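New to this one? Here's a quick, friendly tour of a few helices and how they sit against their surroundings.

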Amino acid sequence: QCDVCRTNTAPSTAMRSFGDVQVKNIIENAIDDAAVVLGMTPEEMREINMYDTGDVTPFGQALTFCYMKQVWAYVKEVSRYKEKREAIKKFNAENKWVKRGIAIIPVKYGSGYNLEQLEQASAVVVVNNADGTIVIHQPGVEIGQGLTTQSQQVAAYVLGIPMEMIFIDNVNTNVIPNPTSTGGSTGTPYAAEAVKQTCEQLRGRLMEFGYELLKDYGDQWCKDQGIDFWNYTANGGLGWATIVKPPNKPKGMIWQFLVKIAYAKRVNLVTSFTAKIRGGEDQIPAMTFKTEAEQPDIPGIERIKDAKLGGGVDSFVGFTYSAACSVAEVDILTGEVKILSSDIVYDMGWSMNPALDIGQVEGAFVQGVGYLLTEKLVFEPNGENAGRLNTDNTWRYKIPAITTIPLEMNTYLFPRDSVSVPENPNDIFSAKEVGEPPLVLANSVFFAVKDAIRASRIERDLSPLFHFDAPATVQEVRRACEVSEEDLVGG
């Protein structure tokens, strides 16, 4: 097995998201071309060189629970890959100037920053004694990814009270002065983990206070005060959300009555906590390479002296395992591309909010499609304005439009219960992150286009190995097709 073929992520998720797309594109191009030379489909090449549990990454981290192969098998099943490849083969045999291609791209994506000081997040939880509502200060920036919603969910679950009573305040560095960057697909899980552990601390404090009241005053007194949550813990709940009617008091939630008494007894209703994000602290050895004597003697290539990387890096917190299968149709004469379908399987672990997560997967995927197909930067080549950006508006810089989006797009959250993997204590309630990995999955569209171009080139006795740049604009696709005047004679 080749470690190059098995490198399905950038060395660090601290890199810019689009840098990850570029790295993936370069690696998969090498795999794609190698498969052609060996007489294999690129999918066959990827599958036989895929990570499995117990394998070690090129940068030295062992994959304890790796189910990339199961995700791969699942995307082939739901996308009907074999059926589509046969249909494409038949279509291409019957059509000379319109070709179709298919590609499946896997992504193993590391979570975290590979730097221990960044593997942390803080939160402050404040309880209002008047009505029991909660204000939470956390470090993540809400930019439409649902971070505040999932933080609310976590707080509601830990404290056992309705989400309607929980409010997430805007990020304020006067309150949370040292936030870790909302990036690297870690914003939501880091913020949610900080909220979780802070709320656990508050919950423990109020539960201890309640049981002290039970010990000092007895069950009947507590019942008369409306704070006997221990009598309402059916189905494993805390009982705090139960509506009760104590004597001489209006109806209310047990949580509200308990908070009022806690305030009167000077119990601290302000809780802060800094959560250490587990899983990324372990140092892994630096990559090492063959010594000069061990390197093969290749004509024209000098051996590398002292080929090694000094120092180690922190391990990733964890990994997501995802894949996408796309089918594209290419007009060989004009270079126009139509994405017929994309089937995306994303590994969320146990998703806390599937609606939010699926929306994030689809949005990131389409953004990646734009980056790989249409969003080309063009600079002034000569003259006094050399180097000036010419694609500075939507007339020239083409972001995804309705014609760019796949005609059929199906998104699946990988069924976590379909693989025998223990719960990961480093994930927030065993849920994983979403953000950059589906952006990288958009490479499936790029390689589907490349597959269609290759089908045309082979039919016209051109080399199946060809230069093909991203973004695959109409001009780039047309150039890669290399249609000559001779091809049009009698066509």
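What follows is a short look at three helices, in a model that is predicted.

**Helix 4: two faces**

- Helix 4 covers residues 81–94, and with 14 residues at 1.5 Å each it should span 20 Å, which agrees with the 20 Å between its end C-alpha atoms.
- Tucked away in helix 4 are Tyr81, Lys84, Ile88, Phe91 and Asn92, which are buried.
- Those buried residues cover an arc of only 95° around the axis, so they end up on the same side of helix 4.
- Flip to the other side of helix 4 and you'll find exposed residues, including Lys82, Glu83, Glu86, Lys89 and Lys90.
- The buried residues of helix 4 pack against several elements, among them helix 2 (42–48), helix 3 (68–78), strand 1 (98–111) and helix 11 (443–459).

**Helix 6: length and end**

- Helix 6 runs over residues 187–217; its 31 residues should span 45 Å at 1.5 Å a residue, and the end C-alpha atoms are indeed 45 Å apart.
- Just after helix 6 comes glycine 218, with a positive phi of about 95°.

**Helix 5 meets helix 6**

- The axes of helix 5 (residues 147–159) and helix 6 come within 9 Å, crossing at roughly 25°.
- Angles under 35 degrees count as roughly parallel, so helix 5 and helix 6 are roughly parallel to each other.
- As for handedness, helix 5 and helix 6 cross in a right-handed way.
- On the helix 5 side, the contact includes Leu147, Val154 and Leu159, while helix 6 brings in residues including Gly187, Ala191, Val195 and Arg203.

Definitions and conventions. Residues are numbered from 1 along each chain as its sequence is written. This is a predicted model: local features need pLDDT of at least 70, side-chain atom pairs count only at pLDDT 80 or more; totals for chains, interfaces and linings use all residues. Side-chain values use heavy atoms; hydrogens and water are left out. Helices (H or I, at least four residues) and strands (E, at least two) are DSSP runs, numbered from the N terminus. The expected span of a helix is 1.5 Å times one less than its number of residues. Buried means under 20% relative accessible area, exposed over 50%, partly exposed in between (1.4 Å probe, protein chains only). The arc is that of the directions from the helix axis to the C-beta atoms. Contact means heavy atoms within 4.5 Å. Axes are lines fitted to C-alpha atoms, for helices over the stretch in contact, and angles run from 0 to 180 degrees between N-to-C directions. Angles under 35 degrees count as roughly parallel, over 145 as roughly antiparallel, 65 to 115 as roughly perpendicular and the rest as oblique. A crossing is left-handed if the near helix is turned anticlockwise from the far one by less than a right angle, and right-handed if clockwise.
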